[in-house]
Amino acid sequence: MNGGAYDALMRRALALARQSLQWGDVPVGAVVAGADGAILGAGANERELTGDPTAHAEIVALRRAAAASGSWRLDGATLVVTLEPCTMCAGALVLARVARCVYAAADPKAGAVESLWDVVRDRRLNHRPEVLGGVLGAESAELLREFFTSRRS
């Protein structure tokens, strides 16, 4: 499947990312779609909102997807996220047995599915999701750039 097949899901994730700006969090959004393409769970960064250091968009979306499906195993699911997952989130998507990770902007400082580390394709793990990066990457990168620029001024 090419990146264009995930544009609608990424646009939903970008809308969620913009919502996290309301509570002053880094604008990251995530959507988990089942094998049939239906959205099982979605979320935005909620660390500032909840005071929970693990409330990254991916974790929020994975928890909601597991609750909706009634299982922690998200076989066949796709995680679509606006920023390359960190090590915590990469580990979580492996443990949830997510089939693929589609992300928008690369994260050269903390990315753990391609940029800095490649946690999800470590041959020592029993599950290795597919990875597709760069889907609407410029739009996500600009949103992040605007957020961090506003914080510095």
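**Reading a sheet and a pocket**

Guide: Welcome! Let us start with one pair of residues in this predicted model: Val32 stands opposite Leu79 in S3.

Visitor: How should I read such a pairing, and in which sense do strand S1 and strand S3 pair?

Guide: In general, the strands of a sheet are joined by backbone hydrogen bonds, in either a parallel or an antiparallel way. Here, strand S1 (residues 29-33) and strand S3 (residues 78-83) are paired in the antiparallel sense, over four bridges.

Visitor: What is the order of the strands in the sheet?

Guide: The sheet is open and has five strands, in the order S2-S1-S3-S4-S5, with mixed pairing. The edges are taken by strand S2 (39-44) and strand S5 (130-133); each has a single partner strand, so one side of each lacks a neighbour in the sheet. On average, and ignoring direction, neighbouring strands of this sheet are turned by 15° against each other.

Visitor: Which strands does helix H1 lie across?

Guide: Helix H1 (residues 7-20) lies across S1, S2, S3 and strand S4 (100-105), and helix H1 runs at about 145° to S1.

Visitor: Now to the pockets. How much space lies in the largest pocket?

Guide: The largest pocket holds about 490 Å³ of space. It is lined by 20 residues, and those closest to its centre are Val26, Leu83, Asp107, Leu144 and Phe148.

Visitor: Which element gives the largest share of that lining, and how do the lining residues divide by character?

Guide: Helix H5 (residues 137-152) gives the largest share of the lining, with five residues. By character, the lining of the largest pocket has 11 nonpolar, two polar and seven charged residues.

Methods. Residues numbered from 1 in each chain as written. Predicted model: local features only at pLDDT ≥ 70, side-chain atom pairs only at ≥ 80, totals over all residues. Heavy atoms only, no water. Pairing = 2+ DSSP bridges. Helix = DSSP H or I, 4+ residues; strand = E, 2+ residues; numbered from the N terminus. Axes fitted to C-alpha atoms, helices over the stretch in contact; angles between N-to-C directions. Contact = heavy atoms within 4.5 Å. 1 Å grid on protein atoms, 1.4 Å probe; cavity = no way out; pocket = protein on both sides within 12 Å on 5 of 7 lines; lining within 4 Å. Points joined across faces, edges and corners; volume = space filled by probe spheres on them. Nonpolar A, V, L, I, M, F, W, Y, C, P; charged D, E, K, R; others polar.
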